[in-house]
Amino acid sequence: MNSPHIISTTDPINALNITDLQNRHRIVEGDSANDLTVYFQTEASLQTYCEIPVEQPERDLSRTLRNPTDDYAGWGVGRV
């Protein structure tokens, strides 16, 4: 079963609701199985959105909500 395609008509930068979608700037995030189209009021809003760095939490998994310090000795693989 495919996930539905989601369309956001609220510009995430300036929070304006876009009613006329023709000729608006947009970006598609995700893949064909699970995607989202985001519309923007202006090209500047789109550019600002594209410049936001992507968080990659997998780079430092030693610090989590359950273990906020570097003291993770003894945590075995598969321990919850």
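**Exercise 1.** Is Asn23 buried or exposed?

*Solution.* The model in view is a predicted one, and each value below is computed from it. Begin by placing the residue: Asn23 belongs to the loop that runs between β1 and β2. Next, take its relative accessible area, which is 78%, and compare this with the cut-off, since a residue counts as exposed when the value is over 50%. Asn23 is therefore exposed. A further point concerns its backbone, for Asn23 has a positive phi of about 60° although it is not a glycine.

**Exercise 2.** Work through Ala15 in the manner used for Asn23, asking where Ala15 lies and what its relative accessible area is.

*Solution.* The location comes first: Ala15 is found in the loop between β1 and β2. Its relative accessible area is 59%, and so Ala15 is classed as exposed. As for the backbone, Ala15 is not a glycine, and yet its phi is positive, at about 60°.

**Exercise 3.** Describe how the chain is built, and say in which order the strands form the sheet.

*Solution.* Start with the inventory, which consists of 1 helix and 3 strands, and then follow the sequence, along which these elements give the pattern β-β-β-α. The 3 strands make an open sheet whose order is β1-β3-β2, with mixed pairing. At its edges stand β1 (6-8) and β2 (25-31), each of which pairs on one side only. From one strand to the next, the twist averages 15°.

**Exercise 4.** Explain how β2 and β3 pair, and name the partners of Glu29 and Ile27.

*Solution.* Look first at the connection, which is a hairpin that leads from β2 to β3 through 2 residues. The strand β3 covers residues 34-40, and its pairing with β2 is antiparallel, over 7 bridges. Within this pairing, Glu29 has Leu36 of β3 as its bridge partner, while Ile27 stands opposite Val38 in β3. When tracing side chains here, it helps to recall that in a regular strand they alternate between the two faces of the sheet.

**Exercise 5.** Find which strands helix α1 touches, and then examine Ser45 and Phe40.

*Solution.* Helix α1, made of residues 43-50, packs on the sheet and touches β2 and β3, and its direction makes about 30° with that of β2. Ser45 lies in this helix, and because its relative accessibility is 5%, which falls under the 20% cut-off, Ser45 counts as buried. Leaving aside residues up to four places away in sequence, the contacts of Ser45 are Asp11, Ile13, Asn14 and Phe40. The last of these, Phe40, has a relative accessible area of 0% and is therefore buried as well. Turn now to the rings: the structure holds 1 aromatic pair, formed by Phe40 and Tyr49, with 5.2 Å from centre to centre and 55° between the planes, an arrangement classed as tilted.

**Exercise 6.** What share of the 80 residues in the chain do buried residues make up, and what supplies the exposed area?

*Solution.* Taking the chain as a whole, buried residues make up 14% of the 80 residues. The chain exposes about 6800 Å², of which carbon and sulfur atoms supply 52%. Finally, consider the contacts in the chain with a separation of 6 or more: residues 24 or more positions apart account for 41% of them.

Key: Residues numbered from 1 in each chain as written. Predicted model: local features only at pLDDT ≥ 70, side-chain atom pairs only at ≥ 80, totals over all residues. Heavy atoms only, no water. Pairing = 2+ DSSP bridges. Helix = DSSP H or I, 4+ residues; strand = E, 2+ residues; numbered from the N terminus. Axes fitted to C-alpha atoms, helices over the stretch in contact; angles between N-to-C directions. Contact = heavy atoms within 4.5 Å. Buried < 20%, exposed > 50% of the residue type's maximum accessible area, 1.4 Å probe, protein only. Phe/Tyr/Trp six-rings, centres within 6.5 Å; stacked < 30°, edge-to-face > 60°. Areas by Shrake-Rupley, 256 points an atom, 1.4 Å probe, with all protein chains shown as cover.
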